[in-house]
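Reader: I would like to learn how to read a structure like this one feature by feature, with the general idea stated before the particular case. Could we go through it together?

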Amino acid sequence: MLTRPHLMPGAVLATLRASTGADERFDESHYGNGIANGYKHAAWNALIAHYSRWGVRSVEDALLWAERITDLHEECFPNPADERQVDLDNNRTGRELYASLREKSGKRLRTHDVLEYIYENKEKIVFTGD
């Protein structure tokens, strides 16, 4: 992580944007174990990759950075095993959706585009419910 300090501001911004994106799209709190939390995790990973894409060599590198930073978060702030697995699954889903969006989009993506794509594909998000 310390080898890429230039990517940290994007990771922080992604955290904030994913949380506000969940608040804007769901009535429930994103702090629980419901769909809003699952959306937040997926959006968080997609946005970390999105914001780091200019600071790395490729989209694949951006996706690896997102995986690395969010896996580290899950290790540093552990949840019960079932909740942790759900978080990891949604993190992966967010990266996969971002890769899919990048592949099919012929335009420069904005944050709104990424958040909406995650929302449009919310059926891929898993959650344990509250």
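Reader: How do the residues of the lining of the largest pocket divide into nonpolar, polar and charged?

Author: This is a predicted model, so what follows is computed from predicted coordinates. To read a pocket, one sorts the residues along its wall by the character of their side chains. In this structure the lining of the largest pocket comprises seven nonpolar, 13 polar and four charged residues. The lining holds 24 residues, and those nearest the centre of the pocket are Asn37, Lys40, His41, His73 and Asp87. The space in this pocket is about 370 Å³.

Reader: Which helix gives the most to the lining of the largest pocket?

Author: Here one asks which elements the lining residues belong to. α2 gives the most, with five residues, while at least two residues of the lining come from each of α1 (8–25), α2 (35–52), α3 (59–76) and α4 (81–104).

Reader: How far does α4 reach from its first C-alpha to its last, and what span is expected at 1.5 Å a residue?

Author: The idea is to set the end-to-end distance of a helix beside the span expected from its number of residues. α4, with 24 residues, reaches 35 Å, which is close to the expected 34 Å. For α1, with 18 residues, the reach is 26 Å, close to the expected 26 Å.

Reader: Which residues of α1 are buried, and what do they pack against?

Author: The general point concerns the helical repeat: an α-helix has 3.6 residues a turn, so residues three or four places apart point the same way. In α1 the buried residues are Gly10, Ala11, Ala14, Ala18, Ser19, Gly21, Ala22 and Arg25, and they pack against α2 and α5. In α4 the buried residues include Val86, Asp87, Asn90, Gly94, Leu97, Tyr98 and Leu101, and what covers the buried residues of that helix includes α2, α3 and α5 (111–120).

Reader: Is Asn90, in helix α4, buried or exposed, and which residues does it touch?

Author: A residue is judged by its relative accessible area, and anything under 20% counts as buried. Asn90 has a relative accessibility of 0%, and therefore counts as buried. Leaving out residues up to four places away in sequence, Asn90 touches Gly38, His41, Ala42, Ile125 and Val126. The C-alpha atoms of Asn90 and Trp44 are 9.5 Å apart, although 46 residues separate the two along the chain.

Reader: What is Ala49 in contact with, beyond its neighbours within four places in sequence?

Author: Ala49 lies in helix α2 and is buried, with a relative accessible area of 0%. Beyond those neighbours, Ala49 is in contact with Ala62, Leu63, Ala66 and Tyr98. Ala49 and Tyr98 are 49 residues apart in sequence, yet their C-alpha atoms are 7.7 Å apart in space.

Reader: How many aromatic pairs does the structure hold, and why is the pair of Tyr39 and Tyr119 edge-to-face?

Author: For two rings one reads the distance between their centres and the angle between their planes. The structure holds three aromatic pairs. The rings of Tyr39 and Tyr119 have centres 6.4 Å apart and planes at 75 degrees, so this pair is edge-to-face. The pair links distant parts of the chain, since Tyr39 is in helix α2 and Tyr119 in helix α5, 80 residues apart. Tyr39 is buried, with a relative accessible area of 0%, whereas Tyr119 is partly exposed at 25%. Ring pairs also link Phe26 with Tyr39 and Tyr119 into a cluster.

Technical notes:
Residues are numbered from 1 along each chain as its sequence is written. This is a predicted model: local features need pLDDT of at least 70, side-chain atom pairs count only at pLDDT 80 or more; totals for chains, interfaces and linings use all residues. Side-chain values use heavy atoms; hydrogens and water are left out. On a 1 Å grid over the protein atoms alone, a cavity is a set of points where a 1.4 Å probe fits but cannot get out, and a pocket is an open set with protein on both sides within 12 Å along at least five of seven lines; lining residues have an atom within 4 Å of a point. Grid points are joined across faces, edges and corners, and a volume is the space filled by probe spheres set on the points. Helices (H or I, at least four residues) and strands (E, at least two) are DSSP runs, numbered from the N terminus. Ala, Val, Leu, Ile, Met, Phe, Trp, Tyr, Cys and Pro count as nonpolar, Asp, Glu, Lys and Arg as charged, and the others, Gly among them, as polar. The expected span of a helix is 1.5 Å times one less than its number of residues. Buried means under 20% relative accessible area, exposed over 50%, partly exposed in between (1.4 Å probe, protein chains only). Contact means heavy atoms within 4.5 Å. Rings of Phe, Tyr and Trp (its six-membered ring) pair if their centres lie within 6.5 Å; planes under 30 degrees apart count as stacked, over 60 as edge-to-face and the rest as tilted.
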